[in-house]
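Have the model open and ready to rotate. Let's walk through its metal sites first and its cavities after that.

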Amino acid sequence: MIKEFFPEPDAPNIKKTKTAWAHPIYTYEQMEAVEVAHRQAKNWPDYAAIGTMRVFRWGMDFATGYRHDHSQSTDHALDGKKVQPKTAMTERKWLIRCLFLESVAGVPGMVAGMLRHLHSMRRMKRDNGWIELLIEESYNERMHLLTFMKISEPGPFMRFMVLGAQGVFFNFMFVAYLFSPATCHRFVGYLEEEAVLTYTRLIADIDAGKLPMFQKMVAPDIAVDYWSMPEGHRSMRDMLLYIRADESKHREVNHTLGNLDQKNDPNPYASQYKDESVPHPVKDIEYQKPTGWERKDVIGS
Ligand SMILES: [Fe+2]
Ligand SMILES: [Fe+2]
């Protein structure tokens, strides 16, 4: 299915441009079923992944002035700390946070897809369907970024920070993926756990009436087109439900890929199963496995 959107460039002869990557349709029940979750670390690469994620998270919190509001109730384990009013998240701070987060979120999938693409060519071996999944993930993250760009225009300082962060993060992922792709997928799985938590808190802040501007805001056209948002469900909050659901999918996909044999296993999200009636990895969020699918359950050995 080809989806049309983005009638933007200054090209008088062109009506629309198309993407082959139509977004799967999510239902409201499915999006509301998305939960904050954590996959317990099981071995030392998991601990390395989670430790690295915490360093990145700290850096990003510092750069964007972000603090979780622990007085706000969500289903994540709360540590009971109260945030002083001066550190509370305002609408402006939330937008900076989301823009910055999404500007780097599209890096890992592209690096992983690129490296697997090059590997397949130089070894003259099949890739078994991973490349497209990974690049589609970074496409999805870039759509999140473009959506937030429709709501706020970043200034020169922000653009400079994004440039620096992309340079560092791209090179970090490039080298790390050459050494241990499975650990990199685990690391991204943990990053996405944090993304789900962050968006859950943002939605909770809107529901608590702390962000009156967001409460009234409608989703930009690009979001309505991309997620096929139904009429009557096109608010900023609705849009954040879609984004959070996407992040939960990235969390599941990367934890699953981290469980697989990187060289031999097929992409379980692009596979046909001998018994299709048994729950298995899918591209939408019909079956939600926040901590990923175990290898024995999808590959079967
Ligand atoms: Fe995202
Ligand atoms: Fe994500």
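## A quick tour

Start with the first metal: the donors of the iron ion (ligand 1) are spaced along the chain as E-x38-E-x2-H-x102-E. This pair links distant parts of the chain, with His-144 in helix α5 and Glu-247 in helix α10, 103 residues apart. Keep in mind that this is a predicted model.

**The iron ion (ligand 1)**

- Its protein donors are Glu-102, which is listed with two OE entries, plus Glu-141 (OE), His-144 (ND1) and Glu-247 (OE).
- These donors of the iron ion (ligand 1) lie 2.0 to 2.5 Å from the metal.
- His-144 counts as buried because its relative accessible area is 0%, and buried means under 20%.
- Glu-247 has a relative accessible area of 1%, so this residue is buried too.

**The iron ion (ligand 2)**

- Here the coordinating residues are Glu-141 (OE), Glu-192 (OE, listed twice), Glu-247 (OE) and His-250 (ND1), at 1.9 to 2.5 Å.
- Along the chain, the donors of the iron ion (ligand 2) follow the spacing E-x50-E-x54-E-x2-H.
- Glu-247 and His-250 share helix α10, where they sit three residues apart, about one turn of the helix.
- His-250 is buried, with a relative accessible area of 5%.

**How the two metals connect**

- The iron ion (ligand 1) and the iron ion (ligand 2) are 3.9 Å apart.
- Glu-141 coordinates both of them.
- Glu-247 appears among the donors of the iron ion (ligand 1), and Glu-247 is also listed for the iron ion (ligand 2).

**The largest cavity**

- The model has five cavities of 30 Å³ or more, and the largest cavity holds about 260 Å³ of space.
- Its lining is made of 17 residues, and Glu-136, Glu-137, Asn-140, Lys-249 and Lys-283 lie nearest the centre.
- Two helices, α5 (130–151) and α10 (236–258), each supply at least two residues of that lining.
- Helix α5 gives the most, with five residues.
- Sorted by class, the lining of the largest cavity has nine nonpolar, three polar and five charged residues.

**The second largest cavity**

- This cavity has a volume of about 50 Å³.
- Ser-248, Lys-249, Arg-251, Glu-252, Ile-285, Gln-288, Lys-289 and Pro-290 form its lining.
- By class, that lining has two nonpolar, two polar and four charged residues.
- Look out for Lys-249: this residue lines the second largest cavity, and Lys-249 also turns up in the lining of the largest cavity.

How values were computed. Residues numbered from 1 in each chain as written. Chains lettered and ligands numbered in written order. Predicted model: local features only at pLDDT ≥ 70, side-chain atom pairs only at ≥ 80, totals over all residues. Heavy atoms only, no water. 1 Å grid on protein atoms, 1.4 Å probe; cavity = no way out; pocket = protein on both sides within 12 Å on 5 of 7 lines; lining within 4 Å. Points joined across faces, edges and corners; volume = space filled by probe spheres on them. Helix = DSSP H or I, 4+ residues; strand = E, 2+ residues; numbered from the N terminus. Nonpolar A, V, L, I, M, F, W, Y, C, P; charged D, E, K, R; others polar. Donors = N, O, S within 2.8 Å, 3.2 Å for Na, K, Ca; no water. Buried < 20%, exposed > 50% of the residue type's maximum accessible area, 1.4 Å probe, protein only.
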